[in-house]
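Subject: Structure handover

Hi,

Here is the structure I promised to pass on to you. Have a look at it first, and then read on for what turned up.

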Amino acid sequence: MQANFAKPSEQTFNTGVLVVAGTTMLIGEGYTGENAHAQHQEHAAERAIEKARRSKQAHLLRSSTMYTTMEPCSSTRVSKVPCTTHIINAGITTVVIGVKEPESFVNCKGVETLCAAGINVIHLKILQEQCLATNIHLLS
């Protein structure tokens with residue numbers, strides 16, 4: 001996924017996100033640090049949702065599925081508006097994650113926050129090693 005596009009950072013995990021309507025229609029995508037000229041550091045989920053809202057398929061955002069390499073952030077300590085808030089406000093109904101965020105920087109509660117909002121969260125543990133590959137320098 002898009003995490004391979006992000007430049008390695010010492011302050012944040014590289015994350016890639018796809019927003020899909022139905023089973024195959026890509027309506028938004030993003031990766032960590034994609035918009036280097038933004039006033040604040042946009043997270044991958046925020047960027048993907050923003051692109052989906054500007055797309056011709058914006059009406060499909062509500063009830064779409066988000067695929068993300070890493071658990072969405074849940075803390076304002078990490079971002080002005082947590083990714084979980086963006087996801088909930090967008091009306092995304094399912095979030096598929098490759099790995100829960102390691103506790104290196106913050107104790108993330110993304111999965112719990114999304115589940116409490118009624119969003120179906122699927123953790124594909126089989127993808128954990130691959131999803132962490134671009135972040136290995138932060139885990140040692």
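Please keep in mind throughout that this is a predicted model. I'll start in the middle of things, with one residue and its surroundings.

**Met66 and the main core**

Met66 has contacts with Val17, Leu18, Val19, Ala45, Ile49, Ile87, Ile92, Thr94, Val95 and Val96, once residues up to four places away in sequence are set aside. Apart from the core that Met66 belongs to, there is another one of six residues, and Met70, Val99, Leu132 and Leu138 are among them.

Back to the core of Met66, which is the largest nonpolar core and has 22 residues. Met66 is one of the members that touch the most other members, together with Leu61, Ile87, Ile92 and Val95. At least two residues of this core come from each of strand 1 (16–21), helix 1 (44–54), helix 2 (83–90), strand 4 (94–99) and helix 3 (110–116). Which element gives the most to this core? That is helix 1, with five residues. As general background, nonpolar side chains in soluble globular proteins tend to be buried together.

**The chain as a whole**

Stepping back, the protein chain has four helices and five strands. Read from the N terminus on, the order of elements is β-β-α-β-α-β-α-β-α. The protein chain has 140 residues, and 47% of them are buried. If you count the contacts with a separation of 6 or more, 68% of them are between residues 24 or more positions apart.

**Helix 1 and helix 2**

Helix 1 deserves a closer look. Its buried residues are Ala44, Ala45, Glu46, Arg47, Ala48, Ile49 and Ala52, so you will find charged residues such as Glu46 and Arg47 in that list as well as nonpolar ones. The cover over the buried residues of helix 1 includes strand 1, strand 2 (25–31), strand 3 (65–70) and helix 2.

How do helix 1 and helix 2 pack, in angle and in distance between axes? The angle is about 25 degrees, and the axes are 9 Å apart. Angles under 35 degrees count as roughly parallel, and helix 1 and helix 2 are therefore roughly parallel to each other. The crossing in which helix 1 passes helix 2 is left-handed. On the side of helix 1, Ala45, Glu46, Ile49 and Arg53 make the contact, and on the side of helix 2 the residues are Cys83, His86, Ile87, Asn89 and Ala90. By type, the residues of this contact are five nonpolar, two polar and two charged.

Asn89, in helix 2, is also worth following beyond that contact. Leaving out residues up to four places away in sequence, Asn89 touches Arg53 and Arg62. Arg62 is 27 residues from Asn89 in sequence, and their C-alpha atoms are 9.1 Å apart in space.

Thr84 is in helix 2 too. Is Thr84 buried or exposed? Its relative accessibility is 2%, and buried means under 20%, so Thr84 counts as buried. With residues up to four places away in sequence left out, Thr84 touches Pro72, Cys73, Ser74, Gly110, Thr113 and Leu114.

**A few other places to visit**

- Ser63 sits in the loop between helix 1 and strand 3. Its phi is near 80 degrees, which is a positive value in a residue other than glycine.
- Asn120 belongs to strand 5 and, at 42% relative accessibility, counts as partly exposed. Beyond its neighbours within four places in sequence, Asn120 is in contact with Thr93, Thr94 and Val95. The C-alpha atoms of Asn120 and Val95 are separated by 6.3 Å, with their positions 25 residues apart along the chain.
- Leu127 is in the loop between strand 5 (120–123) and helix 4 (128–132). With 31% relative accessibility, Leu127 counts as partly exposed. From Leu127 to Ile97, 30 residues apart along the chain, the C-alpha separation is 8.7 Å.
- Gln130 is in helix 4 and counts as exposed, at 60% relative accessibility. The C-alpha atoms of Gln130 and Gly98 are separated by 8.3 Å, and the two are 32 residues apart along the chain.

Happy browsing, and best wishes

How values were computed. Residues are numbered from 1 along each chain as its sequence is written. This is a predicted model: local features need pLDDT of at least 70, side-chain atom pairs count only at pLDDT 80 or more; totals for chains, interfaces and linings use all residues. Side-chain values use heavy atoms; hydrogens and water are left out. A nonpolar core is a set of buried Ala, Val, Leu, Ile, Met, Phe, Trp, Tyr and Cys residues joined through side-chain atoms within 4.5 Å. Buried means under 20% relative accessible area, exposed over 50%, partly exposed in between (1.4 Å probe, protein chains only). Contact means heavy atoms within 4.5 Å. Axes are lines fitted to C-alpha atoms, for helices over the stretch in contact, and angles run from 0 to 180 degrees between N-to-C directions. Angles under 35 degrees count as roughly parallel, over 145 as roughly antiparallel, 65 to 115 as roughly perpendicular and the rest as oblique. A crossing is left-handed if the near helix is turned anticlockwise from the far one by less than a right angle, and right-handed if clockwise.
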